[in-house]
Amino acid sequence: MENIQSVIAASTFIAVIVAITFEWLHLTVAAFLGALILIFARVMTLNDAVGYISQSHGTLGLFFGVMVLVRAFEPTKVFDYLATQMILLARGEGKLLLLGIVGITTPICAVLPNATTVMLLAPLIPPIAEDLGIDFVPLLILMVFVANSSGLLTIVGDPATYIVGDSINLSFTDYLLRLSLGGAIAVLTILVLLPILFRKTWNQKFENLDKLPRPKINHPRTLTLGIFIVAFVLVFFVIGESLPVPIPPAAVALLGAALALLLAQQTKIDTVSNILRDLDWSTLLFFMSIFVIIGGLEKTGVVNSISGILATILGKNIALGAILLLFLVGFLSSVVPNIPLVVAMVPLLKQYLVNVGLVGAEVLDPNYAGQFPPEVLPLFYAMMYGATLGGNGTLVGASSNIVAAGVAEQHGKAISFHAFLRYGIPVMLAQLVAAALFVTVRFLI
């Protein structure tokens with residue numbers, strides 16, 4: 001019976017990944033159906049499924065809080081205003097426009113999930129490009145590259161990064177000190193490639209900038225108060241876990257969301273029901289479903305079996321394992337969405353470390369709050385970089401890529417798989433090599 005359940009769990013996981021990769025089903029529908037198959041096939045009970053979801057409450061809380069925070073201030077039109085200012089600062093030069101996209105996307109994605117940032121900024125690109133008389137598809141692709149890469153600047157910038165960091169109890173501050181430089185190198189790699197990959201736009205000159213629409217910020221007083229709320233959230237992201245009573249990032253994000261809802265209601269810029277209605281519930285349901293599916297792999301012993309194979313291949317060679325893992329996860333992440341990939345890889349990697357005797361079995365407990373030995377951490381760091389940067393390789397590699405493709409379709413153009421590949425493969429390869437060099441120099445030598 002146990003072998004049958006293992007086959008069902010593994011087959012369901014593979015089927016869900018294939019359905020998502022080839023876009024046969026919407027990713028949320030595929031994951032939701034997969035989770036329900038495990039319940040109806042008696043691989044796990046409904047209580048088991050809820051238990052696996054609750055183990056990842058930090059991830060769900062963080063992204064729910066950030067979604068509310070962003071949506072609450074949408075009526076101020078601050079993002080529309082910033083996009084227009086970006087064009088004006090370009091002063092009619094294509095190279096400055098491209099640098100402006102990098103400049104405005106990078107800091108936002110450092111503190112907001114990259115898919116959320118693309119949801120906010122991508123709809124502004126097609127009208128801007130049409131006003132300037134240029135193709136908006138390369139601009140959207142560039143925004144995606146920057147969003148995915150700058151998500152590595154902080155632990156909350158990319159869902160995959162947060163999931164891995166949370167699994168090893170890595171604090172916001174520790175991430176800044178150890179890993180943010182790798183994110184900066186990833187963004188710098190894009191800057192180096194700009195004149196080559198986006199040569200046409202880089203050399204272009206624009207005219208008639210005085211005819212562009214000039215959106216104004218609405219509700220400036222409310223926005224000012226909102227800036228204080230965002231600043232409060234960012235400060236406590238950094239210091240929260242070092243307080244006498246630690247406050248995790250998820251709790252900080254939820255408090256920020258509550259304050260944003262209160263401000264929106266009191267200032268009447270929007271209603272609470274409108275804000276909550278417009279949240280990306282699809283993504284949250286996807287997260288919950290994928291946690292259940294990976295729970296099925298853990299419960300039936302599939303994760304343990306695969307980690308045994310990994311232990312046989314690598315032994316205790318952490319340096320070799322880190323570099324191989326970075327490229328393996330990077331290439332896999334270019335064809336498999338990175339969130340389910342890291343959710344599957346984290347327990348596998350922990351089990352491998354237990355099997356080779358580098359950590360104790362207590363790390364397998366979802367509630368484990370201790371620190372991992374420093375010598376094993378490069379494996380998890382490599383997985384963060386590989387999963388995030390590999391998402392730049394193809395159109396289906398990251399959720400922000402899919403968001404940008406949807407925006408393009410809404411404005412009458414499709415970002416084809418081949419068109420994205422032409423830009424994505426050089427960027428991904430260059431970034432993975434740069435990340436491998438950083439991990440080697442920073443953690444392995």
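**Exercise 1. Arg-42 and the end of helix α2**

Task: In this predicted model, decide whether Arg-42 counts as buried or exposed, and describe its place and its backbone.

Solution: The relative accessibility of Arg-42 is 59%, and the cut-off for an exposed residue is over 50%, so Arg-42 counts as exposed. Its place is in the loop between α2 and α3 (46-55), and Arg-42 follows α2 with a phi that is positive, near 65°. This positive phi occurs although Arg-42 is not a glycine.

The helix that precedes Arg-42 can then be checked for its length. Helix α2 (residues 27-40) has 14 residues, which at 1.5 Å a residue should span 20 Å, and because its end C-alpha atoms are 20 Å apart, the expected and the modelled spans agree. The buried residues of α2 are Thr-28, Ala-30, Ala-31, Gly-34, Ala-35, Leu-38 and Ile-39.

**Exercise 2. The buried face of helix α8**

Task: Find which residues of helix α8 (residues 125-132) are buried, and work out how they are arranged when seen down the axis of α8.

Solution: The buried residues of α8 are Ile-125, Pro-126, Ile-128, Ala-129 and Leu-132. Seen down the helix axis, these buried residues fall within an arc of 160°, and therefore they line one face of α8. The general background is that an α-helix has 3.6 residues a turn, so residues three or four places apart point the same way. Just after α8 comes Gly-133, which takes a positive phi of about 75°.

**Exercise 3. A salt-bridge network**

Task: State how many salt bridges the model contains, and trace which residues are joined with Asp-270 into one network.

Solution: The count comes to seven salt bridges. One of them is formed by Asp-270 with Arg-71, whose closest N and O atoms are 2.9 Å apart. Asp-270 lies in the loop between α15 (249-267) and α16 (272-277), whereas Arg-71 lies in helix α4 (residues 57-72), so the pair ties together parts that are 199 residues apart in sequence. Asp-270 and Arg-71 are both buried.

The next step takes in Arg-277 and Asp-278, whose side chains meet in a salt bridge at 3.3 Å, N to O. Arg-277 is exposed, with a relative accessible area of 56%, while Asp-278, at 37% relative accessibility, counts as partly exposed. Salt bridges that share partners join Arg-71, Asp-270, Arg-277 and Asp-278 into one network.

**Exercise 4. A salt bridge within helix α11, and the loop before it**

Task: Explain why Asp-174 and Arg-178 are separated by about one helical turn, and describe Asn-169 in the loop between α10 and α11.

Solution: Asp-174 and Arg-178 are four residues apart in helix α11 (residues 172-178), and therefore they are separated by about one helical turn. Their side chains meet in a salt bridge at 3.8 Å, N to O, which falls within the cut-off of 4 Å. Asp-174 is partly exposed, with a relative accessible area of 25%, and Arg-178 is partly exposed as well, with a value of 24%.

In the loop between α10 and α11 is found Asn-169, which has a positive phi of about 60° although it is not a glycine. At 25% relative accessibility, Asn-169 counts as partly exposed.

**Exercise 5. Two buried polar side chains**

Task: Determine which side chains make polar contacts with the side chains of Thr-161 and Asn-401, and describe the surroundings of each residue.

Solution: Thr-161 has its place in helix α10 (residues 159-167) and is buried, with a relative accessible area of 0%. The side chain of Thr-161 makes a polar contact with that of Thr-388 at 3.3 Å. Leaving aside neighbours within four places in sequence, Thr-161 is in contact with residues including Gly-151, Leu-152, Tyr-175, Met-384 and Thr-388.

Asn-401 lies in helix α22 (residues 399-410) and, at 1% relative accessibility, counts as buried. Its side chain makes a polar contact with the side chain of Asn-148 at 3.1 Å, and the side chain of Asn-401 also reaches the backbone oxygen of Gly-391 at 2.8 Å. Beyond its neighbours within four places in sequence, Asn-401 is in contact with Val-144, Asn-148, Gly-391, Thr-394, Leu-395 and Phe-420.

Methods:
Residues numbered from 1 in each chain as written. Predicted model: local features only at pLDDT ≥ 70, side-chain atom pairs only at ≥ 80, totals over all residues. Heavy atoms only, no water. Helix = DSSP H or I, 4+ residues; strand = E, 2+ residues; numbered from the N terminus. Buried < 20%, exposed > 50% of the residue type's maximum accessible area, 1.4 Å probe, protein only. Polar contact = N/O pair within 3.5 Å; in protein donor to acceptor, adjacent residues only side chain to side chain. Contact = heavy atoms within 4.5 Å. Arc of directions from axis to C-beta. Expected span 1.5 Å × (residues − 1).
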